[in-house]
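The report below works through strand pairing, helix packing and a few loop positions in turn. It is meant to be read alongside the sequence and the coordinates.

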Protein chains: 2
Amino acid sequence: MSPTTHGKGYGISDTKNYTDFSVQSYPLKTPGPHDVTLDIDFCGVCGSDVHTVTGGWGGLNADFVVPGHEIIGKVTHVGAEVTEFKVGQRVGVGAQVFGCLKCERCKSDNENYCAEQVDTYNAKYPDGVLAQGGYSSSIRVHDRWVFTIPEAIKSEDAAPMLCAGLTVYSPLLRNGAGPGKTVGIVGIGGLGHFAIQFAKALGARVIVFSHSPSKKADCLSLGADEFVTTDKEGFEKPFFDKIDYILSCADVETIPIGELASTLKVGGLVTSVGLPDGEWKGLQPQLMASNGSSIGCSHIGSKKEANAMLKLAAEKGIKPIIDEILPMSKAGDAIQRVKDNKVRYRFVLKQDLK
Amino acid sequence: MSPTTHGKGYGISDTKNYTDFSVQSYPLKTPGPHDVTLDIDFCGVCGSDVHTVTGGWGGLNADFVVPGHEIIGKVTHVGAEVTEFKVGQRVGVGAQVFGCLKCERCKSDNENYCAEQVDTYNAKYPDGVLAQGGYSSSIRVHDRWVFTIPEAIKSEDAAPMLCAGLTVYSPLLRNGAGPGKTVGIVGIGGLGHFAIQFAKALGARVIVFSHSPSKKADCLSLGADEFVTTDKEGFEKPFFDKIDYILSCADVETIPIGELASTLKVGGLVTSVGLPDGEWKGLQPQLMASNGSSIGCSHIGSKKEANAMLKLAAEKGIKPIIDEILPMSKAGDAIQRVKDNKVRYRFVLKQDLK
């Protein structure tokens, strides 16, 4: 049987009218022997979706763009060389759908840094076919970027893990969050609330730095050992030389980076996974000289890391706090509410195109 | 015998008149049992001296400030508990003269990151006595911040190692510059020309990125494996995913940081030891996301590292290129010429106060 040729999705055509979603049909990825085609059940609403549809990261790369890269669905077709997945199986797709698979990065479980990677939406495959996202009926993806979802995790809970979860799990793992280490988590929303849980599950002591005192109870119940509000001058003083690693999930151009960096031990690192639209403000090199610290970024994670994350989440009962599950036709509302900071952790869209 | 109570130095009183050096006498550090007093023979002219006397890093902390922190001299007195040094011995002092010696950093060979550290000049000891620098007759320093100079190194060559040399040696060592690693060195002046030599001596492959084609021959003779000019668009392309670590010695607020960072392998680091007066410009977090890289700083080095550096320099014949040795009374000229970029590598001042 040939796989579905077309998908149907909620998309936009203009960053100025970023809540005006309409439904269109479009060709799915040109089928290949390693491809998995799935019917979508749920898709998380990620901050990246807002940056993209509002043009914050640049314009749209097509006349009609379907966002969404926290996708859960059921396999409807597999290519001839797919051995990992079967028709009917529940799987997930995150923020990347392709890479060259030939470069050193792809060959060393760093395919999330492949120079030829294709994003899940607002991007083109090498043959020119548009990659469209998960606010849609179905998607076709190379099996390297398809993940098995453990039975213990509900579909709606699994969806946000595939971008938000993996984006924080990968840098936590790579930077040694674990027993004996103290990790600071900055900015508690969709990413940060996963970061608390994964840092804790990996064995680290977790200190949350937040400008939202209203999130204290949630953070402590998610596993934070301490909750610190960043609005008082000198908030960082008690933590001088106490923190091994900071993961910043704050999607703002100005976080109190000097104060936060001053809590790091010698040679410590801040990784920022909240990517603002513009430049980093107020970043004086001198800020990092007092402890020889650094600041950097990270980009989602590898399949190996995604699988390890999902296993850990299943074992430890890690799951998102979902503010609301909305029908996919409410994508425009969801986007606007995320942009207006009216979501505390995550919205998930539920399929309604069938 | 009691040690000298006073020093005499060339200093300035006003950042607006930063070349108006005059000679004044001032009390040396209050003597302690671990102190070493020395008569100064040579002092290097560091970029930090220019930042300080011109007010680029902030105002002067005293009415009369004697710069200089690349100091070579002969011991004239040692405190009762000094065992490492003897009267008459040739020693060096760098950019730090004190720390608490009690904190975790001091106790773990990270005294260069002690929160209570005292800079060699434009700073005060805990008892309020001013620390004055090496454009002077003599200095008294706690023995933790005094270094033995190996016989094989000439005094004028050793002087610039104590700030410029150590400032590049420490981050190279801490970030794994060594066999099998490719290190990029950016900005070739006083610091950078040491960085080439130390990175090579530590066993790394060295690629120089410079905007000064005129320095190519020097860089290759200092040990660089490749010399790349950064003025051509696309200069970085051939080095994609090739570089493990970048040490930037460029004292400018805008280096082509995005292009440079793109050459790093996944998770790579840029350390900047050239500290501009202002903020980093053009630093978009996204720049570092394509390879999960980071950018940070480093602050001089520890005594353990200084001793290892001097040993390596003696063994491998590492030495600075000294543009000119000037009498100390020409401090104002030297400062102006460094500010005007009229020095290629290093000026060294020679004692003329005796």
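In this predicted model, strand β3 of chain B, which covers residues 35-45, pairs with strand β19 of chain B (residues 346-350) in the antiparallel sense, over 4 bridges. Within that pairing, B:Cys43 has B:Leu349 of β19(B) as its bridge partner. β3(B) also pairs in the antiparallel sense with strand β4 of chain B (residues 71-78), here over 7 bridges, and B:Asp39 stands opposite B:Lys74 of β4(B). A further antiparallel pairing, over 5 bridges, links β3(B) to strand β10 of chain B (residues 138-142), where B:Asp35 faces B:His142. β3(B) is mostly covered, with 10 of its 11 residues buried.

The table sets out these pairings of β3(B), together with one from chain A.

| Strand pair | Sense | Bridges | Opposite residues |
|---|---|---|---|
| β3(B) and β4(B) | antiparallel | 7 bridges | B:Asp39 and B:Lys74 |
| β3(B) and β10(B) | antiparallel | 5 bridges | B:Asp35 and B:His142 |
| β3(B) and β19(B) | antiparallel | 4 bridges | B:Cys43 and B:Leu349 |
| β3(A) and β10(A) | antiparallel | 5 bridges | A:Leu38 and A:Ile139 |

In chain A, strand β3 (residues 35-45) is joined to β10(A) by 5 bridges, the two strands running antiparallel, and A:Leu38 has A:Ile139 as its bridge partner in β10(A). Is β10(A), at residues 138-142, enclosed or open? Since 5 of its 5 residues are buried, β10(A) is largely enclosed by the rest of the structure. In a regular strand, side chains alternate between the two faces of the sheet. Both faces of β10(A) are covered, with A:Ser138, A:Arg140 and A:His142 buried on one side and A:Ile139 and A:Val141 buried on the other.

A sheet with strands from both chains comes next. This open sheet has 12 strands with mixed pairing, in the order β14(A)-β13(A)-β12(A)-β15(A)-β16(A)-β17(A)-β17(B)-β16(B)-β15(B)-β12(B)-β13(B)-β14(B). The edges are formed by β14 of chain A (226-229) and β14 of chain B (226-229), each of which has a single partner strand, so that one side of each is left without a neighbour in the sheet. From one strand to the next, the twist averages 20°. Towards the chain B edge, strand β13 of chain B (residues 205-210) runs parallel to β14(B) and is joined to it by 4 bridges, with B:Val208 opposite B:Phe227 of β14(B). Helix α3 of chain B packs on the sheet, where it touches β16 (264-272) of chain A as well as β12 (182-186), β15 (243-248) and β16 (264-272) of chain B, and its direction makes about 160° with that of β15(B). In chain A, helix α4 (residues 190-201) lies across β12 (182-186), β13 (205-210) and β15 (243-248), running at about 170° to β12(A).

Helix α3(B), residues 155-174, also packs against helix α8(B), residues 303-316, at an angle of about 100° and with the axes 9 Å apart; the two helices are therefore roughly perpendicular to each other. On the α3(B) side the contact includes B:Met161, B:Leu166 and B:Tyr169, and on the α8(B) side B:Ala306, B:Met309 and B:Leu310 are among the contributors. By class, this contact has 11 nonpolar, 2 polar and 2 charged residues.

The buried residues of α8(B) are B:Lys303, B:Glu305, B:Ala306, B:Met309, B:Leu310, B:Leu312 and B:Ala313, and what covers them includes β11 (146-148), α3 and α4 (190-201) of chain B. At 1.5 Å a residue, the 14 residues of α8(B) should span 20 Å, which agrees with the 20 Å between its end C-alpha atoms. Just after α8(B), B:Gly317 takes a positive phi of about 70°.

Two loop aspartates of chain A complete the account. A:Asp20 is placed in the loop between β1 (6-11) and β2 (22-27) of chain A, and, leaving aside neighbours within four places in sequence, A:Asp20 is in contact with A:Gly11 and A:Ile12. A:Gly73 lies 53 residues from A:Asp20 in sequence and 25 Å from it in space, C-alpha to C-alpha. A:Asp127 lies in the loop between β8 (123-124) and β9 (130-131) of chain A and, at 49% relative accessibility, counts as partly exposed. A:Asp127 and A:Asp20 are 107 residues apart along the chain, and their C-alpha atoms are separated by 29 Å.

How values were computed. Residues are numbered from 1 along each chain as its sequence is written. Chains are lettered from A and ligands numbered from 1 in the order in which they are written. This is a predicted model: local features need pLDDT of at least 70, side-chain atom pairs count only at pLDDT 80 or more; totals for chains, interfaces and linings use all residues. Side-chain values use heavy atoms; hydrogens and water are left out. Axes are lines fitted to C-alpha atoms, for helices over the stretch in contact, and angles run from 0 to 180 degrees between N-to-C directions. Angles under 35 degrees count as roughly parallel, over 145 as roughly antiparallel, 65 to 115 as roughly perpendicular and the rest as oblique. Contact means heavy atoms within 4.5 Å. Ala, Val, Leu, Ile, Met, Phe, Trp, Tyr, Cys and Pro count as nonpolar, Asp, Glu, Lys and Arg as charged, and the others, Gly among them, as polar. Buried means under 20% relative accessible area, exposed over 50%, partly exposed in between (1.4 Å probe, protein chains only). Two strands pair if DSSP finds at least two bridges between them. The expected span of a helix is 1.5 Å times one less than its number of residues.
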